[in-house]
Amino acid sequence: MRSLLRRSNTSLLREIDQLRSVLLRRSIPQELASYYDWVLAENDSLHRQALQNLRDLSLNRDDTLDDILSQTQNLTRSFRLYDERLTTPVLRSLPSDRLCLRIVNWLHSLHSQTLHIPTGLSDGEFSIWPEPQLPVVYFMPPSAQLGLLYLPLFFHEFGHLLYAYHKPEMDDLVRDLQEKIAELLQPLSQRDDLHTEDQAKKRNVIVETWYEWTQELFCDAVGFVIGGPAFIKAFSMFFLMLGQGRFNLPSDQLEQSQHPVTWLRIRLLAERSRHLGLMDEAERLEDDWDTTARTMSISEDYYGFFEDDFRPFIQKTVNDMLTEASPYHFTKDDVAPCECNPQTSTPVHLLNRAWAVFAADPNCYDDWERQAVQTFLESSNDCNVPT
Amino acid sequence: MSHQWLAIQSFQQSQNLLDAINTLSIHLKLKLAGIPDQERVEASDKARETLSSFLEKLQDVIHKTEQVKATPILGVDSRLKQLAKSFIAAKDNRRRFHSALFTKNICHVTQLLSSTQEKNEKELVESLAELRVLIQEHIHTDASRILGEV
């Protein structure tokens, strides 16, 4: 076992060092500098761990072999994560990443917890790795990275990061909501038989599902309060044509689902929009989804996972979570119907402007976007934080 | 908008726990054998804190799960709930799990973590080895989700 472990750690050392030499040859945009520094520092840390395992092996003690084996497996997993996922933002970096990174870095600069977190961008479906011990990696489909229209969806992902930094308080708020939903699901009278037991189990599944669902709804709300109309338009456009499962899922699939059905998320976003006076946007949003559902002959049913009487408690919980996390809130200037001022406008204004131009004339949009992105990237004032 | 956030958080937590278990286990074994291990003193103190805080959190979820089997577990993510369920199942599996962690209770092991008596340290080493088995089984799901299979 000892020689096997020595061989494994020596091989890991070789791979770690090889990767370091590749990383050192990469040139990266300025916006990725802190992430790049983290990647090199992590390489050093992995190197040190492999050396520690080899030192422990050199003590020639049989009673620690199980510990060193587990440490070697731990190091192997850490290295795989590093190699396959965490170095990717550096190794795949493209000049076009600057746009996404500038916007994400601007967003991170507004919150004390996220101000100094190294941030990277990678390809994939929209997601985030919001683990406080790792740098933040935002994943995004490659085509969405090239333009402005879908960038507001980053704001939803940012919500997961805020949740992670306020986890104890957030979990308490979610627990209170789950208690309320459990209460609302209680039948007025109960029989003492097998059917009653099955119903109780189903209620438990629903209540437990709301742990993950509440976090997703909080992230939707974060996306909306940061991005305003641009967020709901991006959200709706991204999901609307993805098929029946976005409108309705059978009960057994809801039990396994980590996200609420998208149609429900649209309903709650529309309600939030109306609350902020965005009546037209809310109406158009719901109308698009209702029309599509009608054409597909789908009726709205959440099979007990959501009832109308949950709604005020859900919205109140999400409001309390927003108060706790305190994300940036879009301003009147961010949704003003005028061109951006490179010196004073925020990226949120740029994104809202993009949706306005796209809605007015999609044929002219590409030329406008090319110019707007160029102006944004050339602007020396990359973090216009309103005072 | 995938569900990677939970997998990466759970994965990293398990990695940290395994690192803490291994660091402390090696340190205690060397200490019990009379071999100086000065370079790991600080790391092993941190490992005790990590494990103590985790066991406290796990104890809370296990308590709720055991106490009220017919009611839902609230304010807890699905991965931690799964780990609590695996722990409860392990307590009933005396063939595989027979250390103090599974035959006595979590509070007892939390006390062992702050003890410097040789007898307690030996008992702690056994519990750490079995906790490691449980966490290694648990991390596999998250690792597959994040890193995939060949």
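Q: How do the residues of the lining of the second largest pocket divide into nonpolar, polar and charged?

A: This is a predicted model, and what follows should be read with that in mind. As a general idea, rolling a probe the size of a water molecule over the atoms shows where empty space is left. In this structure, the residues that line the second largest pocket divide into nine nonpolar, eight polar and nine charged. The pocket itself has a volume of about 700 Å³, and its lining counts 26 residues, with Lys167(A), Asp171(A), Gln13(B), Lys57(B) and Asp77(B) lying nearest the centre.

Q: Which helices each supply at least two residues of the lining of the second largest pocket, and which gives the most?

A: From chain A there is helix H8 (167-185), and from chain B there are H1, H2 and helix H3 (78-91), each of which supplies at least two residues of that lining. The most comes from H1(B), which gives six residues.

Q: What is the volume of the largest pocket, and which residues lie nearest its centre?

A: The largest pocket has a volume of about 1,000 Å³. Its lining is made of 32 residues, and those nearest the centre are Ser45(A), Gln49(A), Gln71(A), Asp19(B) and Thr23(B). Four helices each supply at least two lining residues, namely helix H2 (33-57) and helix H3 (65-86) of chain A and helix H1 (4-32) and helix H2 (41-67) of chain B. The largest share, ten residues, comes from H2(A). When the lining of the largest pocket is sorted by class, eleven residues are nonpolar, 13 are polar and eight are charged.

Q: How many cavities of 30 Å³ or more are there, and which residues line the largest cavity?

A: The count comes to three cavities of 30 Å³ or more, and about 50 Å³ of space lies in the largest cavity. The residues that line the largest cavity are Leu217(A), Asp220(A), Ala221(A), Leu268(A), Leu269(A), Arg272(A), Gln315(A) and Val318(A). Helix H9 (194-227), helix H12 (262-275) and helix H14 (311-325) of chain A each supply at least two of these lining residues. By class, the lining of this cavity divides into five nonpolar residues, one polar residue and two charged residues.

Q: What area do chain B and chain A bury between them, and how many residues does the contact take from each chain?

A: The size of an interface is often given as the accessible area lost when the parts come together. Here, chain B and chain A bury about 4,000 Å² between them, and 52% of that area is on carbon and sulfur atoms. The contact takes 51 residues from chain A and 41 residues from chain B. Across this interface there are 23 residue pairs in polar contact, counting pairs in which both residues are at pLDDT 80 or more. On the side of chain B that touches chain A, H1, H3 and helix H6 (118-147) of chain B each supply at least two residues, and H1(B) gives the most, with 17 residues. By class, that side of chain B has 19 nonpolar, 14 polar and eight charged residues.

Q: How many salt bridges are there between chain B and chain A, and why does the pair of Lys29(B) and Asp66(A) join two chains?

A: Side chains of opposite charge can pair when their charged atoms come close. A search of the whole structure finds 34 salt bridges over all chains, and the count between chain B and chain A is six. One salt bridge is formed by Asp56(A) with Arg40(B), whose closest N and O atoms are 2.8 Å apart. Another pairs Lys29(B) with Asp66(A), where the closest N and O atoms are 3.0 Å apart. Lys29(B) lies in helix H1 of chain B and Asp66(A) lies in helix H3 of chain A, so this pair joins two chains.

Q: What is the phi of Asn60(A), and where does this residue lie?

A: Most residues other than glycine have a negative phi, and most peptide bonds are trans. Asn60(A) has a phi near 55°, which is a positive value in a residue other than glycine, and Asn60(A) lies in the loop between H2 and H3 of chain A. Ser326(A), although not a glycine, has a positive phi of about 50°, and Ser326(A) is found in the loop between H14 and helix H15 (347-360) of chain A.

How values were computed:
Residues numbered from 1 in each chain as written. Chains lettered and ligands numbered in written order. Predicted model: local features only at pLDDT ≥ 70, side-chain atom pairs only at ≥ 80, totals over all residues. Heavy atoms only, no water. 1 Å grid on protein atoms, 1.4 Å probe; cavity = no way out; pocket = protein on both sides within 12 Å on 5 of 7 lines; lining within 4 Å. Points joined across faces, edges and corners; volume = space filled by probe spheres on them. Nonpolar A, V, L, I, M, F, W, Y, C, P; charged D, E, K, R; others polar. Contact = heavy atoms within 4.5 Å. Buried area = accessible area lost by both parts, 1.4 Å probe. Salt bridge = Lys/Arg side-chain N within 4 Å of Asp/Glu carboxyl O. Polar contact = N/O pair within 3.5 Å; in protein donor to acceptor, adjacent residues only side chain to side chain.
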